[in-house]
Amino acid sequence: MSDKTKTGSSQHQPSPLAGNSPQKRVAEGRWGGQHLRLDVSADGAEFEFDCAHGRLTGPLTLTNGRFTATGTYVRERGRVVMDDSEEGQRVYFKGEVDGSRMTLSFSLAEDGSEAETFTLTHGAEARLFKCK
């Protein structure tokens, strides 16, 4: 058996591994930045933009520090309460994680065209400017 985790020191560091799976995942918890908040859990993530929100389904599994995910994107107009029954449109995310920093691109097109890119920090609050 070989240990495929990178080690920078002799101390054992906790890693975001799922069970006995050799695949790493995006660290759970809040990731925040300008105009975007991402709350990652074992089952996926919920996200909130200034004027939209949605969910990513399935664990965010990392391959060489990168991940892709799909989910549902719901545009907001004024005050909105999240509801599991909301229907939205499909959204595509691509991300790269380096320590506590994430670069995240999202697009409403499967080919990634017209993508917007955000920089998020694990444990940071988002700066959202909600629609009125």
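Reader: Let's start with the fold: how many helices and how many strands does the protein chain have?

Author: Both kinds of element are DSSP runs numbered from the N terminus, a helix being H or I over at least four residues and a strand being E over at least two. Read from the N terminus on, the elements go β-β-β-β-β-β-β-β-β-β. The count is zero helices and ten strands.

Reader: And what share of the contacts in the chain, at a separation of 6 or more, comes from residues 24 or more positions apart?

Author: First, this is a predicted model, where local features need pLDDT of at least 70 and side-chain atom pairs need 80 or more, while totals for chains, interfaces and linings use all residues. Residues are numbered from 1 along each chain as its sequence is written, and side-chain values use heavy atoms, with hydrogens and water left out. A contact means heavy atoms within 4.5 Å. Among contacts with a separation of 6 or more, the share from residues 24 or more positions apart is 45%.

Reader: What percentage of the residues in the chain is buried?

Author: Buried means under 20% relative accessible area, exposed means over 50%, and partly exposed is in between (1.4 Å probe, protein chains only). Of the 132 residues in the protein chain, the buried ones make up 30%.

Reader: Which elements give two or more residues to the largest nonpolar core?

Author: Nonpolar side chains tend to be buried together in soluble globular proteins. A nonpolar core here is a set of buried Ala, Val, Leu, Ile, Met, Phe, Trp, Tyr and Cys residues joined through side-chain atoms within 4.5 Å. The largest one has 23 residues, and Val26, Leu38, Phe47, Phe49, Leu56, Phe93 and Met102 touch the most other members. The elements that put in two or more residues are β3, β4 (44-49), β5 (52-57), β7, β8, β9 and β10.

Reader: Which residues does Leu38 touch, leaving aside those up to four places away in sequence?

Author: Leu38 is one of the core members that touch the most others. Leaving out residues up to four places away, its contacts are Gly29, Arg30, Trp31, Ala45, Glu46, Phe47, Leu56, Met102, Leu104 and Leu120.

Reader: On to charges: how many residues apart in sequence are the parts that Arg30 and Glu125 tie together?

Author: A salt bridge is a side-chain nitrogen of Lys or Arg within 4 Å of a carboxyl oxygen of Asp or Glu. Arg30 and Glu125 make one, with their closest N and O atoms 3.4 Å apart. Because Arg30 is in strand β2 (residues 29-33) and Glu125 in the segment after β10, the parts they tie together are separated in sequence by 95 residues.

Reader: Is Glu125 buried or exposed?

Author: Its partner Arg30 counts as partly exposed at 29% relative accessibility. Glu125 has a relative accessible area of 57%, which means exposed.

Reader: Which residues are linked in a network of salt bridges?

Author: The structure holds eight salt bridges. Asp39 and Arg37 meet in one of them, at 3.2 Å from N to O, and Asp39 is partly exposed at 23%. The linked residues are Arg30, Arg37, Asp39, Glu48, Glu76, Glu125 and Lys130.

Reader: Where do Glu96 and Arg66 lie?

Author: These two form a salt bridge, with the closest N and O atoms 3.6 Å apart. The pair links distant parts of the chain, 30 residues apart: Glu96 is in strand β8 (residues 89-98) and Arg66 is in strand β7 (residues 66-75).

Reader: What does the lining of the second largest pocket divide into?

Author: A pocket is found on a 1 Å grid over the protein atoms alone, as an open set of points where a 1.4 Å probe fits, with protein on both sides within 12 Å along at least five of seven lines; lining residues have an atom within 4 Å of a point. This one is lined by 13 residues, with Tyr73, Phe106, Leu108, Glu114 and Glu116 nearest its centre, and β9 and β10 each supply at least two. Ala, Val, Leu, Ile, Met, Phe, Trp, Tyr, Cys and Pro count as nonpolar, Asp, Glu, Lys and Arg as charged, and the others, Gly among them, as polar. The lining divides into seven nonpolar, three polar and three charged.

Reader: In which loop is Asn64 found?

Author: Asn64 is not a glycine, yet its phi is positive, near 55°. With a relative accessible area of 76%, Asn64 is exposed. Its place is the loop between β6 (61-62) and β7.

Reader: And what is the phi of His35?

Author: His35 sits in the loop between β2 and β3 (36-41), and at 31% relative accessibility His35 is partly exposed. Although His35 is not a glycine, its phi is positive, at about 75°.
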